[in-house]
Amino acid sequence: MKAAQDENQIGVVGAGLIGMSWAGLFSAFGYETTVYDPYLKEQNLAHQEINEIWASLDLLFDGLKNKKGVKFSDKIADLKSSTFVQENVPEDLSLKQEIISKIEKIVSKDTVISSSSSSFMPSELQNGCTKPERIIVGHPMNPPHLIPVVEIVLGKAFSQEISSRAKSFYNSLQRVPVQIKKEMRGHLANRLTSALYREAVYLVSEGVADVEDVDTVMSNGPGLRLALLGPHMNYHLGGGEGGYRSYLEHLGPSQEARWKTLGQAPLTPELKEKLIHGIESQNLSMSELKIKRDNSLIKILKTKKENKL
Ligand code: NAI
């Protein structure tokens, strides 16, 4: 596996769900990786988590022979020699701005700072920075070591060169980086998932289906084909011989009629309890579910690769 030309030391800020997954991926692909988190208590558990991520990645990729042990630190100064920093602190704008400006003061002027932020726009994160164009969003989907897409979003201050560097770094990790053309709250992937989730919640609140049935319909229906082709290409196939043109002419009006009825339910305490009960009453072990999900994801990813999808 070939490393990106400009990167050798990678800094990861925040050792939560996303930071640990990134750190496992970066180190598996041979990058020297330092994770900074002042609240990390149990280093041995963190190393165990990295080993589990490596085990998953070994099922997915051949030839990850150059893994590098991850260094954990509670001192931000240990990020000093990072050429690329992936920031993963909690989704709180002022916290992110504060930590990004601290990182800026420590690292070299050429270091790229990429935030995993699910919703904040890079222009918001660049606020107060001395070299704002090197602050970008590199948004993954959970878990970043398995889900390949990374949305690269540039702010009002931007540099195409920095975007290309980020792209080549993520490519070197066998990711699928996509540069979003215009910054917008939630970027692209989370706008799509939010549109779907809003309706999933609305359907439960209206009593159209319970939580379990909504999930069953999605994961045994549209979800299966959406893992292979996007919404536009799926409807191209839905148009038969005439493709997308025919679909839009024939079934476009029924889409528009449904769009008018899509709903929105406020997340009241009662509705939240109903949603949580819908999940907890299924009594599934979270750790078993995670293993089954990850093992299935690996098989789907291999199938997609074999079929060039
Ligand atoms: P998390 O709560 O699991 O982890 C946050 C970590 O940051 C914790 O380990 C915490 O100790 C650490 N932290 C807190 N303050 C810090 C500081 N001042 N300096 C360094 N580390 C600090 O959060 P999670 O879910 O990993 O989210 C992190 C980021 O990733 C957020 O911006 C979120 O929007 C984004 N994201 C989350 C996804 C998810 O599904 N959870 C998916 C994609 C992106």
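**Notebook: strands, helices and backbone exceptions**

I began with a strand pairing: Ile10 stands opposite Phe84 in S4. I note at the outset that the model is predicted.

**Entry 1. Strand S1 and its partners**

I looked up how S1 is joined to strand S4, which covers residues 84-87, and found four bridges, with the two strands running parallel. I then turned to strand S2, residues 32-36, which is also parallel to S1 and is joined to it by five bridges. Within that pairing, Val13 has Tyr36 of S2 as its bridge partner. I traced the connection as well: the chain leaves S1, passes through helix H1 (residues 17-28) and reaches S2, and this β-α-β crossover is right-handed.

Is S1 enclosed or open to its surroundings? I found four of the five residues of S1 (residues 9-13) to be buried, so the strand is largely enclosed by the rest of the structure.

**Entry 2. Strands S6, S7 and S8**

I examined S7 next. Four of the five residues of S7 are buried, so the rest of the structure largely encloses this strand. With S6, S7 forms an antiparallel pairing over four bridges. I recorded Val153 in S7 as the bridge partner of Val137. S7 is also joined to S8 by four bridges, and these two strands run parallel. In that pairing Val150 stands opposite Pro177 of S8. The route from S7 to S8 goes through H5, and I noted this β-α-β crossover as right-handed.

**Entry 3. Backbone exceptions**

I searched for departures from the usual backbone geometry. Most residues other than glycine have a negative phi, and most peptide bonds are trans.

Which residues does a cis peptide bond join? I found this bond between Asn142 and Pro143, with omega about -5 degrees. Pro143 sits in the loop between strand S6 (135-140) and strand S7 (149-153).

Gln174 is not a glycine, yet its phi is positive, near 60 degrees. I located Gln174 in the loop that lies between helix H5 (160-172) and strand S8 (176-179). Its relative accessibility is 34%, so I count Gln174 as partly exposed.

Lys308, again a residue other than glycine, has a positive phi near 50 degrees. I placed Lys308 in the segment after helix H12 (286-306). With a relative accessible area of 76%, Lys308 is exposed.

**Entry 4. Helix H10**

Where in H10 does the kink lie? I found a kink of about 55 degrees at Leu251, shortly before the proline Pro253, in this helix of residues 243-259. I listed the buried residues of H10 as Gly243, Tyr247, Gly252 and Gln255. Helix H9 (231-238) is included in what covers them.

I followed up on Gln255, which belongs to helix H10. Its relative accessible area is 11%, and because buried means under 20%, Gln255 is counted as buried. Leaving aside neighbours within four places in sequence, I found Gln255 in contact with Tyr235 and Tyr247.

**Entry 5. The loop to H11, and H11 itself**

I stopped at Leu262, which lies in the loop between H10 and H11. Leu262 counts as partly exposed, at 46% relative accessibility. I also looked up its separation from Glu199: the two are 63 residues apart along the chain, while their C-alpha atoms are separated by 6.6 Å.

I then checked the length of helix H11 (residues 269-280). At 1.5 Å a residue its 12 residues should span 16 Å, and the end C-alpha atoms are 16 Å apart, which agrees. In H11 I found Leu271, Leu275 and Gly278 to be buried. These cover an arc of only 60 degrees around the axis, so they are on the same side of H11. On the other side of H11, Pro269, Glu270, Glu273, His277 and Glu280 are exposed. I noted that the cover over the buried residues of H11 includes helix H6 (189-205) and helix H7 (211-220).

**Entry 6. Ser101**

My last residue was Ser101, found in helix H3 (residues 93-106). Ser101 is partly exposed, with a relative accessible area of 22%. How many ångströms separate the C-alpha atoms of Ser101 and Leu226? I recorded a separation of 39 Å for this pair, 125 residues apart along the chain.

Technical notes:
Residues numbered from 1 in each chain as written. Predicted model: local features only at pLDDT ≥ 70, side-chain atom pairs only at ≥ 80, totals over all residues. Heavy atoms only, no water. Bend = angle between axes of the 7 residues up to and from the residue. Buried < 20%, exposed > 50% of the residue type's maximum accessible area, 1.4 Å probe, protein only. Contact = heavy atoms within 4.5 Å. Pairing = 2+ DSSP bridges. Right-handed = clockwise from strand over helix to strand, strands pointing away. Expected span 1.5 Å × (residues − 1). Arc of directions from axis to C-beta.
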